[in-house]
Amino acid sequence: QVQLVESGGGLVQAGGSLRLSCAASGIIFSSVHMGWYRRAPGKQRELVAAISSGGITKVVDSVKDRFTISRDNALNTVYLQMNNLKPEDTAVYYCNNPKYYFGRFAPGTYWGQGTQVTVSS
């Protein structure tokens, strides 16, 4: 079965960095789009970044200058490098295999268990 396993979350001070990893199994990784979503306390889940099967990236404006998404198809892993973290980045971050419809990414079927990122001020 498909498994997405996130790692790399934690507690960091504002201005610090974290790199999240998501290891995938049970799918033909190189053929699927991958992405990171987050859910902050009291807020709806939102897309943070996505990367197509061909390596084209999409990063939302609120984190565009600070976060980078990448993938290693040999390792079946997608990464989210987060720099200059802010308290408003505090959330549970989830790995997902988004679909691409009419010019935008939408959540796909599979989700990881989530990894907590907490940024202290």
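**Exercise 1. Strand E8 and its partners**

Find how many of the six residues of E8 are buried, then work out which strands pair with E8.

*Solution.* Welcome to this predicted model; let us start with burial.

Step 1. E8 is mostly covered, with five of its six residues buried.

Step 2. On one pairing, E3 runs antiparallel to E8 over six bridges. A register point to look for is Ala23, which stands opposite Thr77 in E8.

Step 3. E7 also pairs with E8 in the antiparallel sense, again over six bridges. Here Ile69 faces Leu80 of E8.

Step 4. The hairpin of E7 and E8 has four residues between the strands, and within it Asn76 takes a positive phi near 55 degrees. Asn76 is partly exposed, at a relative accessible area of 25%.

**Exercise 2. Another positive phi**

Where does Phe102 lie, and is Phe102 buried or exposed?

*Solution.* Begin with the general expectation: most residues other than glycine have a negative phi.

Step 1. Phe102 is not a glycine, yet its phi is positive, about 45 degrees.

Step 2. Its place is the loop between strand E10 (99–101) and strand E11 (104–106).

Step 3. The relative accessibility of Phe102 is 87%, so Phe102 counts as exposed, the cut-off being over 50%.

**Exercise 3. The nonpolar core**

Identify which residues touch the most other members of the largest nonpolar core, and which strand gives the largest share.

*Solution.* Take the residues, then the strands.

Step 1. The core has 28 residues, and those touching the most other members are Trp36, Phe67, Val78, Leu80, Met82 and Tyr93.

Step 2. At least two core residues come from each of strand E3 (18–25), strand E4 (34–39), strand E5 (46–51), E7, E8, strand E9 (91–96) and E12. E3 gives the largest share, four residues.

Step 3. Now zoom in on Tyr93. Beyond its neighbours within four places in sequence, Tyr93 has contacts that include Leu20, Trp36, Phe67, Leu80, Met82 and Val117.

**Exercise 4. The open sheet**

In what order do the six strands of the open sheet lie, and why is one side of E2 and of E6 left without a neighbour in the sheet?

*Solution.* Trace the sheet from one edge.

Step 1. The order is E2-E12-E9-E4-E5-E6, with mixed pairing.

Step 2. Strand E2 (10–13) and strand E6 (57–59) are at the edges and have a single partner strand each, so each has one side without a neighbour in the sheet.

Step 3. From one strand to the next, the twist averages 25 degrees.

Step 4. At the E2 edge, the pairing with strand E12 (residues 115–120) is parallel, over four bridges. Gly10 is opposite Val117 in E12.

**Exercise 5. Rings around Trp111**

Classify the ring pairs that Trp111 makes with Tyr37 and with Tyr94.

*Solution.* The structure holds three aromatic pairs; we need the ones with Trp111.

Step 1. Tyr37 and Trp111 have ring centres 5.2 Å apart and planes at 65 degrees, so this pair is edge-to-face. Tyr37 is in strand E4 and Trp111 in the loop between E11 and E12, 74 residues apart.

Step 2. For Tyr94 and Trp111 the centres are 6.3 Å apart and the planes at 90 degrees, so this pair is edge-to-face. Tyr94 lies in strand E9, 17 residues from Trp111.

Step 3. Ring pairs thus join Tyr37, Tyr94 and Trp111 into a cluster.

Step 4. Compare accessibility: Tyr37 is buried at 3%, Trp111 is partly exposed at 28%, and Tyr94 is partly exposed at 21%.

Step 5. Finally, the charged end of Arg45 sits over the Tyr37 ring, 5.8 Å from its centre.

Technical notes: Residues are numbered from 1 along each chain as its sequence is written. This is a predicted model: local features need pLDDT of at least 70, side-chain atom pairs count only at pLDDT 80 or more; totals for chains, interfaces and linings use all residues. Side-chain values use heavy atoms; hydrogens and water are left out. Two strands pair if DSSP finds at least two bridges between them. Axes are lines fitted to C-alpha atoms, for helices over the stretch in contact, and angles run from 0 to 180 degrees between N-to-C directions. Buried means under 20% relative accessible area, exposed over 50%, partly exposed in between (1.4 Å probe, protein chains only). A nonpolar core is a set of buried Ala, Val, Leu, Ile, Met, Phe, Trp, Tyr and Cys residues joined through side-chain atoms within 4.5 Å. Contact means heavy atoms within 4.5 Å. Rings of Phe, Tyr and Trp (its six-membered ring) pair if their centres lie within 6.5 Å; planes under 30 degrees apart count as stacked, over 60 as edge-to-face and the rest as tilted. A charge sits over a ring if NZ of Lys or CZ of Arg is within 6 Å of the ring centre and within 35 degrees of the ring normal.
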